[in-house]
Amino acid sequence: MVYAADLSDLSHWARGSGLEIVLYIVGAELLARLARWIGERVTSRIDETQRGADALVRSEQAKHRHSVAQVLTWIAVVIIYVIAAILVADRLGVPVASLVAPATVAGVALGFGAQRIVQDILAGFFIITERQYGFGDLIRISALGSTTGVSGTVEEVTLRITQIRSASGEVIIVPNGQIVQVTNLSRDWARAVVDVPVPVTADISQVNEILHQIGVDAYADEALRPMLLDTPTVMGVESLEVNTLKVRVGARTLPGKQFEVTRVLKQRIATALREHGIVVREMAESTQPATGS
């Protein structure tokens, strides 16, 4: 009789609270998937709109909207799961109201024990609200304990981590709280700089004229012109060594296009100087991010 009563109670619980728990779990999973689907649709719409407006560079507003959409999706999923957990605990007979005081103590203890997570979330909040960088930006990150930074294209920004992909295809995940310095290489505009080493015996005036003409021709090139904001200029002699001196050429470019412009300029410079009988050693290059106009 006792066994039959236990089975009857279990069957009653399964048809009542048990069924509700299953519905809560399934509903939470469905809502979480819906939130992710909506987030993906929003980010896809942003990407499609931006591709139609400008195929060369993603606007700062689009980058920020993309990052905000990712963060809001993450927050919505967390809230859904938390509410579902509370409802399931209530149906299991756990006195949720009486757990407020213990939860407060546990929260304080967890706060001390999980300071790094809290630090990551706060850092991520300020990264997004201050628009330091966003989806699609080319950045260089210096983290705690790292002597050299890592560079790559931002693929995801959440409140806790930043995910970037390097030029070699590696995916790098950095906790936001560990970031001590960020260099945004695709903010507003960038500068492509090429240091041209020429022999000290070369006619500097002739070299400057050749480099100036290369800049004019590059700005007139239909393929290169959309990536340039103005005509590449000759900045003059940058350094003087024993056998060589370096003449610097600089060009303002669209964000993220400084590397391609640098490669094209180096090729044209090497070809032009060779045609004039000037021997060019290995050329140095630097790409400098900049803001403003």
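**Exercise 1. Is His-66 buried or exposed, judging by its relative accessible area?**

Solution. Keep in mind that this is a predicted model.
- Start with the location: His-66 sits in helix α2, which covers residues 60-91.
- Next, check the accessibility. His-66 has a relative accessible area of 3%, and the cut-off for buried is under 20%. So His-66 is buried.
- Finally, look at a partner further along the chain. His-66 and Arg-45 are 21 residues apart in sequence, and their C-alpha atoms are separated by 9.7 Å.

**Exercise 2. Get an overview of the chain: count its helices and strands, then look at burial, contacts and surface.**

Solution.
- The chain has six helices and nine strands.
- Of its 293 residues, 35% count as buried.
- Now take contacts between residues at least 6 apart in sequence: 67% of them join residues at least 24 apart.
- As for the surface, about 17,100 Å² is exposed, and carbon and sulfur atoms supply 59% of that.

**Exercise 3. Check the length of helix α4, then work out where its buried residues point.**

Solution.
- α4 runs over residues 115-129, which makes 15 residues. At 1.5 Å a residue the helix should span 21 Å, and its end C-alpha atoms are indeed 21 Å apart, so the two values agree.
- List the buried residues of α4: Asp-120, Gly-124, Ile-127 and Ile-128.
- Look down the axis of α4. The buried residues fall within an arc of 90 degrees, so they line one face of the helix.
- The spacing makes sense: an α-helix has 3.6 residues a turn, so residues three or four places apart point the same way.

**Exercise 4. What is the phi of Arg-131, and where does this residue lie?**

Solution.
- Arg-131 belongs to the loop between α4 and β1, the latter being residues 138-143. It comes just after α4.
- Its phi is near 55 degrees, a positive value in a residue other than glycine.
- With a relative accessible area of 41%, Arg-131 is partly exposed.

**Exercise 5. Give helix α5 the same treatment, and say what covers its buried residues.**

Solution.
- Length first: α5 has 17 residues and reaches 24 Å from first C-alpha to last, close to the 24 Å expected at 1.5 Å a residue.
- Then burial: Val-207, Ile-210, Leu-211, Ile-214, Gly-215 and Ala-218 are buried in α5. They cover an arc of only 140 degrees around the axis, which puts them on the same side of α5.
- Flip to the other side of α5 and you find Glu-209 and Ala-220, which are exposed.
- The cover over the buried residues of α5 includes β6, β7 (233-240), β8 and α6.
- One last detail, at the start of α5: a side-chain oxygen of Asp-203 comes to within 3.1 Å of the backbone nitrogen of Ser-205.

**Exercise 6. Which residues of the largest nonpolar core touch the most other members?**

Solution.
- That core has 23 residues, and the ones touching the most other members are Val-196, Val-198, Val-207, Leu-211, Val-261, Ile-269 and Leu-273.
- Trace where the core comes from: β6 (189-199), α5 (204-220), β8 (244-253) and α6 (258-275) each supply at least two of its residues.
- Zoom in on Val-198. Leaving out residues up to four places away in sequence, it touches Val-207, Asn-243, Thr-244, Leu-245, Val-247, Leu-273, Ile-278 and Val-279.
- There's also a second, separate core of 13 residues, with Val-71, Ile-127, Val-157 and Leu-159 among them.
- In soluble globular proteins, nonpolar side chains tend to be buried together.

**Exercise 7. Take two polar residues in strands, Gln-163 and Asn-184, and describe the surroundings of each.**

Solution.
- Gln-163 lies in strand β3, residues 161-165. Its relative accessible area is 16%, so it is buried.
- Leaving out residues up to four places away in sequence, Gln-163 touches Thr-153, Val-154, Glu-155, Glu-156, Val-171, Ile-172 and Ile-173. Its C-alpha is separated by 9.5 Å from that of Phe-135, 28 residues apart along the chain.
- Asn-184 is part of strand β5, residues 179-184. At 11% relative accessibility, Asn-184 counts as buried too.
- The side chain of Asn-184 reaches the backbone oxygen of Gln-132 at 3.1 Å, and a polar contact of 3.5 Å joins it to the side chain of Asp-137.

Notes: Residues are numbered from 1 along each chain as its sequence is written. This is a predicted model: local features need pLDDT of at least 70, side-chain atom pairs count only at pLDDT 80 or more; totals for chains, interfaces and linings use all residues. Side-chain values use heavy atoms; hydrogens and water are left out. Helices (H or I, at least four residues) and strands (E, at least two) are DSSP runs, numbered from the N terminus. Buried means under 20% relative accessible area, exposed over 50%, partly exposed in between (1.4 Å probe, protein chains only). A polar contact is a pair of N or O atoms within 3.5 Å; within protein, one must be able to donate a hydrogen and the other to accept it, and residues adjacent in sequence count only if both atoms are side-chain atoms. The expected span of a helix is 1.5 Å times one less than its number of residues. The arc is that of the directions from the helix axis to the C-beta atoms. A nonpolar core is a set of buried Ala, Val, Leu, Ile, Met, Phe, Trp, Tyr and Cys residues joined through side-chain atoms within 4.5 Å. Contact means heavy atoms within 4.5 Å. Accessible areas come from the Shrake-Rupley method with a 1.4 Å probe; for residues, only the protein chains shown count as cover.
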